[in-house]
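Thanks, everyone. Let me put the model on the screen and walk you through it.

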Amino acid sequence: MSGNKKNEYVSYLEHQGKYKGIFSWIFTLDHKRIGLIYMYAIIVLFSIGALMGLLMRIELIAPGETIMKPQTYNGMFTVHGIIMIFMVVIPGLSVVFGNFFLPILIGAKDVAFPKLNRFSWWVYITGCGLAIASQFMQNGPPDTGWTFYAPYSTTTGSNVIMATFAAFVLGFSSILTGLNFIVTIHQMRAPGMKFFNMPLFSWAIYATAWTQLLATPIVGITLLMLIAERLFGIGFFNPSLGGDPVLFQHLFWIYSHPAVYIMILPALGVITEIIPTFCQKKIYGYKAIALSSLAIAGVGFLVWGHHMFTSGMSDQARWFFSFLTFLVAVPSAIKVFNWLATMYKGSIDLKPPFLYALSFIFLFTIGGTTGLLLGSVATDVQVHDTAFVVAHFHYIIFGGMGFAFFAAIHYWLPKMYGRMYNMKRATIAWGINFVGFNLLYFPQFILGIEGMPRRYFDYLPQFQPLEVVSTIGGFILIGGLIFMISNLVQGARKGEIAPANPWHGTTLEWQIPSPPPLENFDEAPIINPNPYDYK
Amino acid sequence: MFSNASNFVHGVDKAFLIIGGFSLFFLVSFTGIMIYFVVKYNRKRNPKATQIKDNTLLEVTWTTLPILLVLYMFYVGWQGFFPMRQVPKDAMQVTAIGQMWKWKFEYPGNKESDTLVLPINRPVKVNLVSKDVIHGFFVPAFRIKEDCVPGKNNFSWFIPGQLGDFDLLCSAYCGVNHSYMSAVVRIVPQDKYDEWIAALQVKGNDTNIGHSVLDKNGCLACHSIDGSKLVGPSLKSLYGSTVEVKTNGTTHKISADDEYIKNSIYDPDKDVVTGYPQGVMKSYKGTITDKDVQLITGYLKTLK
Ligand code: HEC
Ligand code: HEM
Ligand SMILES: [Cu+2]
Ligand SMILES: [Cu+2]
């Protein structure tokens, strides 16, 4: 499989360790293999989740019951949400590409704690197993929405305990991964690699890892409180037991807003790697981009209240959270300015990774600016809890994080497998995905402004035309995704042998053979103080 | 240019236009710039990139300008929202009660209605309460939304400015029939309103207390008393009949006596009626007293 026969080496894919077959994967300590097994799990879960999304879209093509009962629908959006949020996008880029490329980018042989890394994967899989099991256990799938709002979640008869426990377990995996990456970045950088010599993806992972480490324990405790309330009737949240439902929302969002940054920061990092490579140009504003990641992570801790503008919070809290939400938009805007400046006078190669990066900027801008409408209290009153929110978060997490994942996989696949996918098919799939995505979600902004609430199994007849457009978009998108994934799988298995540096990048992963050897660097890497040293 | 369905439409829609306008401006500029660069600096046309130096002045500018801009947008949003918290002293008072999955509106004088009827051009304060879980009081045409949170006394207020019927929807997910939890807001002239409120029944005149226990606890959203099938089985002719249920996976017949009714209310997932899903009805242990269960049972006996 090696793309580099002239100097003999054994790639991490061919290397024979202690274990054989599947065990050489699930018992591996190699950060690259761990990255891949995370990726396989995530692709499977994403496909299940996307299929559920499509089923919901089919249900919504006409008012009234179309293909499922209300209770089934409610279980469906809950499970779709839990899968997509806790198992796909929160770990997402960080566990797949962070694992695979963070050590390489900083010139390290592996992460700081390989055994902890393997353990995190096991915990992750256990969490996924529990969540899937909660669907099939006695009382029916959880029907609370992925947000588990009390007191509905403390009183409904469905399988809430199992699902929340799964989210709790998944949280541990996230904390351990964050810890591992922080220590890796502090301790494992190659000699000569200072913080400000690191590629910007590492900065993004660094900011993300701190958020994971600091924010996730809060949701852990919150979910335990919920479980305790259900099991023992301890009144934390249910007012009939003396609790406060709004307290749950505060605790939940103190984590779940930063969680949005856990998903999006690595995405911003990926885009920041791809743009210089395909423009053959030094990144514009290195320091501004690095520090804006930290700024987003920091201010992101203080804006959670924007999910609760209509919950009856005090007026002071309402303006305060609105104010901070507007501020957090600025560092994101700065990144976009820097990317555009990087493209200026570049030599632009319009290959699939770059197309995904461009469409990322477009979709992320729509997601971000509609976020301003949600952060402004007056307009949020109208669109909170409507289809507008559904459109907004799909633009941010699917259009943003999802498209960045696609960009990353098209960018790094030749390095990971030493083979190249079919470029033309990848470009066509990108076009289908982009059109399908916008057709699927854009109409939902309009629906939301017109007053179509979210989590609605049925709706008023005036909403139907746009719902139909949206469902058609859903079909197109799913078609595009299948086409894209099959092209990638074919490329990884049987594609042409890829050269070590197909895109002429300058960061360290491109200086080693494809696929990389077991410990990444057979010789000590040469560190260039400027990771994007294009001539 | 703005509708006058309520006094808040102007402030909210103005914020939509201003923030939406800036958003559109940024989207169009970013997209335009990207397309322009892709064409102009395409590798075929521009095989060699020109490296440029960072420019601190430029970076300071594109940090400062957005900060000023977002501060302005924040201000516009707050300006549109602030009046929603300033209830005039002379506002009339109505209480909206959210309950799985029905709205009820309580008027002064212990009167109750399923439709929110209000006189035009008169400020009204709506007190928001919930009997069970969180519901969202949402009237899109009026641009108002606030949650009914159990245990809290939230409110909303507005001045209706247009005659007619408007949709009131529940915006906060509240269970299986969430999407059916809607009502009508009917804005009428003052004299029509006076007539209507005078004719409205004083509540509590329910001939049967057992029926009002069912009503008060939201049972009737899932159970009919006329034999029709809703989310759950109808309660008509239930008492004394033989019901087929599933207990721990095994199907058997059981007679619907006092004990069975009580179990069905306190532990609904124990014996699940065949053909109905488990986990839909929650346990009412702690919310419905033994006394109320007896009232319910007594009432069910009369439903032949
Ligand atoms: C969310 C909808 C829902 C609500 C609200 C609800 N139930 Fe039920 N109920 C059901 C369903 C579904 C069943 C059948 C499945 C089962 O037995 O658990 C059922 C079964 C029952 C039965 C057994 C009926 C039979 O035919 O054997 C009784 C009695 C009952 N409910 C009483 C009540 C009372 C009293 C209330 C209010 C305090 C109530 N229910 C509220 C959904 C509901
Ligand atoms: C990265 C990909 C995706 C992510 C992260 C994602 C995430 C989510 C989340 C968090 C929810 C909210 C669930 C809730 O309100 O409890 C949701 C709802 C929904 N999603 Fe997705 N989703 C993704 C892809 C898709 C796809 C591909 C489709 C359709 C083909 C889809 C269709 C829907 C629909 C119809 C809803 C329900 C809206 C409602 O009734 O409130 N999603 N999604
Ligand atoms: Cu948030
Ligand atoms: Cu509702």
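I will take chain A as a whole, then one sheet in chain B.

A reminder before we start: this is a predicted model.

Chain A. What does its secondary structure consist of? Chain A has 16 helices and two strands. Why call it as compact as a globular protein of that length? The radius of gyration is 23 Å, and the globule rule gives 24 Å for 535 residues. Those two values are close, so chain A is as compact as a globular protein of its length. For overall dimensions, think of a box of roughly 70 × 45 × 45 Å along the principal axes, filled by the C-alpha atoms of chain A.

Now burial. Of the 535 residues in chain A, 61% count as buried. And the contacts? Take those in chain A with a separation of 6 or more: 84% of them join residues 24 or more positions apart.

On to chain B. Here we look at an open sheet of three strands. Which order do they take? Reading across, β12-β11-β13, with antiparallel pairing. The edges are β12, residues 250-255, and β13, residues 271-273, both of chain B. Each of these edge strands pairs on one side only. Neighbouring strands in this sheet are turned by 45 degrees against each other on average, ignoring direction.

Let's zoom in on one pair. Strand β11 of chain B spans residues 242-247. How many bridges link β11 and β12(B)? Six, in the antiparallel sense. For a landmark within β12(B), find Thr251(B): Lys246(B) stands opposite it.

That is my tour.

Key
Residues numbered from 1 in each chain as written. Chains lettered and ligands numbered in written order. Predicted model: local features only at pLDDT ≥ 70, side-chain atom pairs only at ≥ 80, totals over all residues. Helix = DSSP H or I, 4+ residues; strand = E, 2+ residues; numbered from the N terminus. Rg over C-alpha atoms; globule rule 2.2 N^0.38 Å. Buried ≥ 20, exposed ≤ 12 C-beta atoms within 10 Å, placed from the backbone. Contact = placed C-beta atoms within 7 Å. Pairing = 2+ DSSP bridges. Axes fitted to C-alpha atoms, helices over the stretch in contact; angles between N-to-C directions.
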